[in-house]
Amino acid sequence: MPQYGALLKDQRFDVLKMDMAFLKSDTQRARDIIISIIAMDKRIGNRTLAEGVETKEQFEFLREIGCEKIQGYYLGRPRPYDETIHNCQEKGIEIELSCWKPYYDAIMEVDFLTGQPLLLVEFRNHAYHIMFANDKCREVLWHGEEKERDAWEQQLNSLHQPATRYLQRGLWRVMTSGNDEELAYPLNGDFLMMNCHRVISYNGRCLISVQCHLHKVSHEGDLFRPAFLLRNLFYLYDRVATLNLTTREMILLTQPKLKSGLRKLPLAETLQRYHDELIHPADKKRFAAFFDLKTLKACVEKAKMNSIAEAFRSIEADGSLVWKTHRVARMASSTQDIFFCVVRVSDAQDIMQYGQALGIRQYTLMPENIPVHAVYG
């Protein structure tokens, strides 16, 4: 036996093929060995090929634990190529084109054996799609009821719930920045903490892995602790930030769970990027005037309520337009000029006011769709 270990240690190979005997012996010990082999393969950067896959149950087991390659009669007995492809499609197995190899190779790097609820979310065609959820994730999110999966995916793409908008904004930041982030999603009175990681962005599609753990609220009093109250407050706002005119820095408070900690962003550059990427072209001039760093302090000090507000049409991740009110107020500080900025979806009064001022006759929240050209670095 030691000689085989030496061979494994000294040889370089891409794929480790598991003998069909492991699957034929349908025992927990055999399954534990398969799981251990796949976990080892991922750690050393190899791929695992399981042969002898004959049943749907075997296929689903291997898929659940992240086995990258399979062969066997479940995919079809030896037959012409077209018939094999047709057999796979009848089983709901998508055919991977060779041009997408880098994308699927990146998915193979995902650790499916985390022991935690795992979700893979793909963003394509301006919408989020659930690509995979392991057993634990399905139980947490839709109680194992597969029919609830589509409903949850539909909710994920909806703008109606504040918590869903918060989750969408967080996923969008992960996609566009490449930074890992932890999001807190309310779930049946508790919080689902979601550690989000951009796996790959490729040819207009972006894949995010989401590892979850449930944070139980032990008793009603927990809901009124400052941390929980602030977290729910953030669901009502698209963005909450501090603007420091003295140091020319911004801190975005609505993403307080970045794994790298709170980051101070360059103020002018961050506002300019927001202006360029998220503000409707017809409103860019007003936005630039409102956030003019040379006049912002004076405008706030002149305002009756010591704060100023204006609404702009903002571009959502799905390409739709939404009116959003931006309010800036002075924060108490004896040594620096620091302002508090909040962004929220505008209510009907805001929309009517700015619509009349700008001569816009339609005041709906999403009056039109325009294409969004985003580059995922």
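## Helix 5 and its two sides

In this predicted model, helix 5, which spans residues 81-90, has Ile-85, Asn-87 and Cys-88 among its buried residues. Viewed down the axis of helix 5, the buried residues fall within an arc of 160 degrees, and they therefore line one face of the helix. The face turned away from this buried side carries Asp-82 and Glu-90, both of which are exposed.

Just after helix 5 comes Gly-92, a residue whose phi is positive, at about 80 degrees.

## The largest pocket

The largest pocket has a volume of about 1500 Å³, and its lining is made up of 39 residues, of which Arg-63, Ile-93, Glu-94, Glu-96 and Tyr-104 lie nearest the centre. Two or more lining residues come from each of helix 4 (56-64), strand 3 (69-70), helix 5, helix 6 (101-107), strand 4 (118-124), strand 5 (127-133) and helix 8 (147-156). Helix 4 gives the largest share of this lining, namely five residues.

By residue class, the lining of the largest pocket divides into 19 nonpolar, 15 charged and five polar residues. Helix 5 thus appears in two settings, as a helix with its buried residues on one face and as one of the elements that give two or more residues to the pocket lining.

## Helix 11

Helix 11 covers residues 267-278, and its 12 residues reach 16 Å from the first C-alpha to the last, a span close to the 16 Å expected at 1.5 Å a residue. Its buried residues include Leu-267, Thr-270 and Leu-271, and Tyr-274, His-275 and Leu-278 are likewise buried. Because the buried residues of helix 11, seen down its axis, fall within an arc of 140 degrees, they line one face of the helix.

## Cysteines without a disulfide

A disulfide is a covalent bond between the sulfur atoms of two cysteines. With the requirement that the two sulfur atoms lie within 2.5 Å, the count for this model comes to zero disulfides. For Cys-137, the closest cysteine sulfur belongs to Cys-212 and lies 4.8 Å away, which is too far for a bond.

As for their surroundings, Cys-137 is buried, with a relative accessible area of 1%, and Cys-341 also counts as buried, at 7% relative accessibility. A further buried cysteine is Cys-88, which belongs to helix 5.

Note on methods:
Residues are numbered from 1 along each chain as its sequence is written. This is a predicted model: local features need pLDDT of at least 70, side-chain atom pairs count only at pLDDT 80 or more; totals for chains, interfaces and linings use all residues. Side-chain values use heavy atoms; hydrogens and water are left out. Buried means under 20% relative accessible area, exposed over 50%, partly exposed in between (1.4 Å probe, protein chains only). Helices (H or I, at least four residues) and strands (E, at least two) are DSSP runs, numbered from the N terminus. The arc is that of the directions from the helix axis to the C-beta atoms. On a 1 Å grid over the protein atoms alone, a cavity is a set of points where a 1.4 Å probe fits but cannot get out, and a pocket is an open set with protein on both sides within 12 Å along at least five of seven lines; lining residues have an atom within 4 Å of a point. Grid points are joined across faces, edges and corners, and a volume is the space filled by probe spheres set on the points. Ala, Val, Leu, Ile, Met, Phe, Trp, Tyr, Cys and Pro count as nonpolar, Asp, Glu, Lys and Arg as charged, and the others, Gly among them, as polar. The expected span of a helix is 1.5 Å times one less than its number of residues.
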